[in-house]
Amino acid sequence: MIDLIKRMDLAEVFDFDKFHNAFRQLLQIAKGGECLNIASYIEENPDLWNNYDITKTRSITQVLISEIYSLYELVVDPDDNIIISKVEKKAPQKTAEPAIRELVKCFLETHADEPQDLLDILNYVNQHRKSSTSYNSLCSSLSLDKQVFKSFGNRKWGLCSLPYEKIFAKTIADTHDTETDLTSQNFMLRYSSKRVHKPTEFFTKALSNSSTLCLGLGYFSSACFNVLACGFAHFVRNGGNMRMYINPHVTEDDYNMLRNKDHDGIEASMLQSYDRLLQTFSRRDKLFFKCLSYLISKNRIEVKIVLLRDNGIAHEKFGVFADSSDNKVAFNGSMNLTAAGLTRNIEAIDCSCSWHNEESIERIACYQEDFDNIWNGENQDVHVFDAVEFCKQIVSKYPTDNVDELILLENEVVRDLEQEESKPSAEEPHFPKKFKDGPRPYQIEAYEAWRDRGKQGVFAMATGTGKTVTSLNCALEEYMDSGFYHLLILVPSLALVEQWADEVDNFNFRNVIKISSENHKWKQEIARIVSKMRMGKVVDYVLISTYQSFVMADFQLFLPRLSDGTLLIADEAHNIGSVSVRQAFHKMTINKRIALSATPNRVYDEEGTREIESFFNDSYPYTYSFSMRRAIKEERLMPYKYFPYLAKLEEDEMEKYAKITRRLVQLYDGSQKGFADPEKARRLLLIRKNILHKAKNKMDVFKKIIKEIGEERLKYCFVYSAAGKRNRIEESDNEELDDYILKEMQCVLKQTYPHVTCNSYTGHDSKQIRKQKLEAFAAGKINVLFAKNCLDEGVDVPRAEFGIFTSSTGNPRQFIQRRGRLLRKHEDKLFAWIYDIVVVPDFTSPYYERRFWMMEKHLVENEMRRVANFGALACNYYTGALSTLEEVINFYEIDLNGMVLNEE
C-alpha cells in the first residue's frame, strides 16, 4: 500500500514519479535475473532527486519498497535487493483488426443527424475490436485528424463532411437557475495579494455574480482554491456552468509515452499524480472540491487535461466569466498557483470588463478565442484529453448534494481568508512603520512616472527630500507585483553603504550583502545566491556596493548571473560619469534602473552627463523632479537664511596671484579665443585657484562669523574647510597643508570660545570613529564639526543648524550637497543659517592690473553663480542678504539680481 503521508513529507527531496517511470523502463528491457539494490540505485542517480540529500536515502527506500510491492507485485529482500524477472512479450496479432478511425467514421456516418457523444463512440469501437482502446487514446486519435473529425464540445464529435441540420451548439451557458449581473460590481483593473484589492476579492465578486466560467489553469495545484474557493458556492447555487482545462506536471518519460501513443500508460501515470494531489487538497481546504464535485455530479462542468506536445508546463492562467445577460469579465494573471507560490503570496491578476470600452471587448474576445482553440483541440501545440477518471475520483472523495452546506462552508472559508490577509507577515517587506501614513503622494507619483516610462529613469530630487525612501518604495511596488526582490544599490562611499543598509532594514528587505572593502566574505555570500538560483530556487537579496567595488572584475563576473529581474538603484548617480563606471554600465544587462541625484548634470562634463542620461533612458526635466524650492515651500526641508562674506587676498598672496595671472594673459590667444598651451594654462589655473582656497584672510572672516553667531548659539554647526589640490612643481605647499588650515580654524574657534567643543571629520578617520563623531555631534556633545569633503554626500545629520562654508567651490553639485546637509528637518530646529566666505582678489592692491579685469570677471562670476543659487531660495534675500557683495559686483559689472532671477 502506498503511504501518501510519508511520500509527501519526502517529496521536496525526491521525485517518486520520476523513479517509477525509470523503473518501468527497467522492467521493459530486463532480460531476467538482474539484481537491483534500491538504496544504491537512487544514490547513484541524482537526477531522481529534487534536492539531493543522501541522509534521506533510508526513509525514501522504505517508501519505495512498499510501492514496488503494491504496484508491481515484486518483493524486496531485507537488504533492499530486488530480483527483476524477464518481461513476457505478447505474441503479435495474426489477424489485422479494423482501424480505429475507420470504425469511428462508420459510426458517425450511421448517426448523421447530429454529432455523437465520445463515450458512445468508444463503446462502438471497442465492441468491434479484440484489443480495446481508452477514452483518452480515442480522443487524441480523433484530434490528430482534424480534416475528417470535428469536436463540437461537451464530448461531442462529428464528421467535417456532414452538413448537420442541427449542430450540437449547446454550451455550458444555456441554462441558468438565477439571474446574475456582473455589471453591479465595481471591478478594479488589477488585483494583487500585496495590495488593498486582492485576488480573493475579485473571485468572490466574479463567481458570485456570474452564470458561466471558462477557466484555463496553466498549472493545477493545492494553491488555486485559496482564490477560486471564494464565491464558488454562490456560483453553484446560481446554477453556474463551467469549462475548465488543467495542465498537470508530467515527466519526460510521460512525454516519451505520449510520442509512442501509449495513452494508457500516461493516463495511469497522471492518475497516480492526481491521487497524491487529492490527498494534499483534503488536508488544506475541501470547499473547492466539494463545489467541483457537485458540478460534476450535476453535469454542469467539463474538465479537460492539456499537455504541451513538447515537454513543459503551460503557465497561462486566465478565464472568462459571463452573467445571464452575457456581460463578461476576463482575468489574466501572474497567479502562481503552486504550493510554493501560495506560501510566498505572489498572486496578481489583471481584469477586463466588456461594458467598459471597445478595447476591453476585444481583449475578452481574444481570451475566449484562445480558450476555445485549446478546448476544441484546434491548437497544434497541445494534446487535449477529457479528465474522466479525474472527475470520478473527485466525486468519489468529495461527495456532496447539499448547496446550502456549501454556502455555509464558503462563508467560513472567506472569514478565515480575510483574517489571514489582515495579518501582515512579520517577514514580508513593507513600507517603514515610522511613516504612519505610508508613502507620501510625491513618492507614489515618482513610482508611477517611473513605471510609465518603462521602469527606467532619473529621480532628480533635492537633498533631504527622501530619495532613498522614494526609490525603495519602487522596489516595494515591484515586489508587490512579482513576489520577489532582487536589488542592486550602488553608492559612492562606505558611509552610504551603512546608511542604505539601515533604510533597507526599515523596509524589511532581507538577505542584505554589503560589497565593499570592509566585507571580505561578500564573494562567498554572492556565490551562495548564484548556486541556489541555478537550482531553480527563488532567492530574495539586496546587494549594496560602492562604485569602487562595483567595477571590480570579481563583481562583474557575478553580475550577469544576478541580472534577471534585478532593480538597479544608483545613488548619487553623477558618479556614474567616471570612465571605469561607464565601462561597467555599458556591459550591464539589468533593465530596471533608477538614478538618484540632486544634481544629475556633471559640471564641465557634458559627455558624462549624456552617458548618465543614456544609461537611464532619460533627459531633463527627468522622470521625476523634486526641486529644493518646492521642498522648502512644502515644508519637506527647512527654510534658511544666507549670509555671504567677502575675503580678499593679502599683499603677499596678491603678488603671487598677479604673477600667475600675467603668465596666463601671455598664454591667451585672442584670435583663437583660447590658451596657446592648454595644459600649461590648466596647471597655472589650478595653482591660482589654490591661492584663493588657502587665503589667509579667511581666518579673520571666520572669526567674525562665529562672533556674530555668538557662543550661546554656536551649536550643531558644520564648518566646511578647504581641500584644494596642489601641483608640487609649481607650488611649495605640502600634503599636510589642508590639515594645517583645518587645525588653524579650530585654534581660532578655541581662542575665541574656549568652552565650545569641536572636532574634525575627515577621510583619515576610520568608519567607526566617524560614526562616533556624528553621534556625538547629533547629541550636542560636539558643538562644531570641521569637515573636509567627507560630509558632501549622503551623511544624514538632521540636527545641523549652522553651516560655515570656508572653501569656495564652483561645482554646483558640491555646494548643493553641502547645503542639503543643513536643511533636513528636525523637531527642535526652526531655521538653518548658512555663512559663505567668498574669496576674491583685492582689486585695490598695487599688484592688480587693469588688463586682468576681463579674466577676473569670469572668475568672480563663477563665484556669484553659487551666491545667486543660495540667495534665490534664502528667506532673507529680499531684506538685503547679498548687500555685502555690492563693492565687488559693481566693480566687475555683474548683474547679481539677474542671476538670482535666472535661478528662480
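Which residue of β28 does Ile 804 stand opposite? I looked this up in a predicted model. Ile 804 faces Tyr 835 in β28.

**Entry 1: strand β27**

I started from the pairing of β27 with strand β28, residues 832–840. The two run in the parallel sense and share four bridges. I then checked strand β24, residues 717–720, and found that it also pairs with β27 in the parallel sense over four bridges. In that pairing Val 719 stands opposite Ile 804.

Next I asked myself whether the residues of β27 are buried or exposed. Phe 802 and Ile 804 on one side are buried, and so are Gly 803 and Phe 805 on the other. I noted that both faces of this strand, residues 802–805, are covered. As a reminder to myself, side chains in a regular strand alternate between the two faces of the sheet.

**Entry 2: the seven-stranded sheet**

I traced an open sheet of seven strands and wrote down its order as β16-β17-β15-β18-β19-β14-β20, with parallel pairing. The edge strands are β16, residues 512–515, and β20, residues 624–626, and each of them pairs on one side only. Direction ignored, neighbouring strands of this sheet are turned by 15 degrees against each other on average.

At one edge I looked at β16 and its pairing with β17, residues 541–546, which is parallel and has four bridges. Here Ile 515 stands opposite Ser 545 in β17. Helix α23, residues 553–562, packs on the sheet and touches β15, β16 and β17. The direction of α23 makes about 150 degrees with that of β17.

**Entry 3: helix α18**

I moved on to α18, which has 12 residues, 441–452. From its first C-alpha to its last it reaches 16 Å, close to the 16 Å expected at 1.5 Å a residue.

Which residues of α18 are buried? I listed Tyr 442, Gln 443, Ala 446, Tyr 447 and Trp 450. Looking down the axis of α18, I found that its buried residues fall within an arc of 145 degrees, so they line one face of the helix. Pro 441 and Asp 452, on the other side of α18, are exposed.

What do the buried residues of α18 pack against? I found strands β14, β18, β19 and β20, together with helices α19 and α26. Those four strands also appear in the order of the sheet in Entry 2.

Last, I looked at what follows α18 and found Gly 454. The phi of Gly 454 is positive, near 85 degrees.

Terms used: Residues numbered from 1 in each chain as written. Predicted model: local features only at pLDDT ≥ 70, side-chain atom pairs only at ≥ 80, totals over all residues. Heavy atoms only, no water. Pairing = 2+ DSSP bridges. Axes fitted to C-alpha atoms, helices over the stretch in contact; angles between N-to-C directions. Contact = heavy atoms within 4.5 Å. Expected span 1.5 Å × (residues − 1). Buried < 20%, exposed > 50% of the residue type's maximum accessible area, 1.4 Å probe, protein only. Arc of directions from axis to C-beta.
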